[in-house]
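Me: I am new to this structure and would like a close look at a single part of it, namely the charged contacts between side chains. Please take me through them slowly and in connected prose.

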Amino acid sequence: MKGKGCIVLIVIVALIAIVGFWAVGIRNGFVGQEQTVNAKWSNVETVYQKRANLIPNLERTVKSYAKFESETLTKVVEARSKATSVNIDPTNMTEADMAKFQAAQGELSGSLSRLLAVVESYPNLKADQQYINFQREYTAIENSIRSETVYYNDAAKEYNTNIKTFPNNVIANFSNFKEKPYFKAEAGAEKAPPAFSE
C-alpha cells in the first residue's frame, strides 16, 4: 500500500510540475510578445518625432518668405507642440490614450496638409531647395509612419489574440496582461474622395 501511495504522490507532483512549467512557458511567451508590441510602439513614436523635428526647419524656410501667411504656419507650430506633448506609456496603453495620441497627430497632419496647399501659391518657395528637401523628407517620413503603424497593429493583433485564446486567457488574467489598442483609420477615411468634380 505504501508503494502505491508513493507512486500516486509522484504522479500528482509530476502533473503539477508539468502544468507549472507549461504555465510559465505561456507567461514568458506573453512577456516576449508584449516586448515586441512595446518595441513597435517605440518605432511609431520615433517616426512621429522625426516628423515633428522637421517642422522647425520648415518654419525657418517659410518665414524667409515675408509674404507668406503666418496664420497657417502658426497653426502648424501649435499643432506640433500639442502632438509632441502627448506621451503614452506602452505598458498601460488604453483605447483612450491611443485616441488622444491619434487626435493630436491627426491635427498636426491636417495643419501640415493645409500649409503644403498654401505653399502652392508661392512659386519661389516651392522652388527653394530647403523646401524641396523638406518635402522629400516629409514624404519619406509619412510613408514610414504608415508602415510602422501597420507593424504595430500586426504585433498588437498577435499579442491580443494570444492572451484572449483559451487556455492562455486564464494565465493572462492571473498575470495581469491587458489587451493593446490598435491604430484606427481617421474618421471619414472609409469614404473615398471624389476623383472628378462635375
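Reply:

**Salt bridges, pair by pair**

Lys82 forms a salt bridge with Glu107, and their closest N and O atoms are 3.0 Å apart. Because Lys82 belongs to helix α2 (residues 70-85) while Glu107 belongs to helix α3 (residues 95-119), this pair ties together parts that are 25 residues apart in sequence. The model in which this is seen is a predicted one, and the values that follow should be read with that in mind. Lys82 has a relative accessibility of 43% and so counts as partly exposed, and Glu107, at 34%, is likewise classed as partly exposed.

Helix α3 also takes part in another pair, since Lys184 forms a salt bridge with Glu95, with the closest N and O atoms 2.5 Å apart. Here distant parts of the chain are linked, for Glu95 sits in helix α3 whereas Lys184 lies in the segment after α6 (168-175), 89 residues apart. As to how open these two residues are, Lys184 has a relative accessibility of 47%, which makes it partly exposed, and Glu95, with 43%, is partly exposed too.

The segment after α6 returns in a further pair, in which Lys164 and Glu179 form a salt bridge whose closest N and O atoms are 3.3 Å apart. Lys164 is located in helix α5 (residues 129-164) and Glu179 in the segment after α6, so this contact joins parts that are 15 residues apart in sequence. Its two members fall into separate classes of accessibility: Lys164 reaches 52%, and because exposed means over 50%, it counts as exposed, whereas Glu179, with a relative accessible area of 40%, is partly exposed. The pairs described here are among the salt bridges of the model, for which the count comes to 5.

To set these charged residues against a residue of another kind, one may turn to Ser111, which is placed in helix α3. Ser111 has a relative accessible area of 4%, and because buried means under 20%, this residue is buried. Apart from its neighbours within four places in sequence, Ser111 is in contact with Lys75, Val76 and Ala79.

Finally, a word on a stretch elsewhere in the chain: an unreviewed UniProt entry carries the annotation "transmembrane region" for residues 7-25. In the predicted model, the chain over residues 7-25 is 100% helix and 0% strand, and the C-alpha atoms at its ends are 27 Å apart.

Notes: Residues are numbered from 1 along each chain as its sequence is written. This is a predicted model: local features need pLDDT of at least 70, side-chain atom pairs count only at pLDDT 80 or more; totals for chains, interfaces and linings use all residues. Side-chain values use heavy atoms; hydrogens and water are left out. A salt bridge is a side-chain nitrogen of Lys or Arg within 4 Å of a carboxyl oxygen of Asp or Glu. Helices (H or I, at least four residues) and strands (E, at least two) are DSSP runs, numbered from the N terminus. Buried means under 20% relative accessible area, exposed over 50%, partly exposed in between (1.4 Å probe, protein chains only). UniProt positions are given in the numbering used here, feature names are shortened, and annotations may be inferred rather than shown by experiment. Contact means heavy atoms within 4.5 Å.
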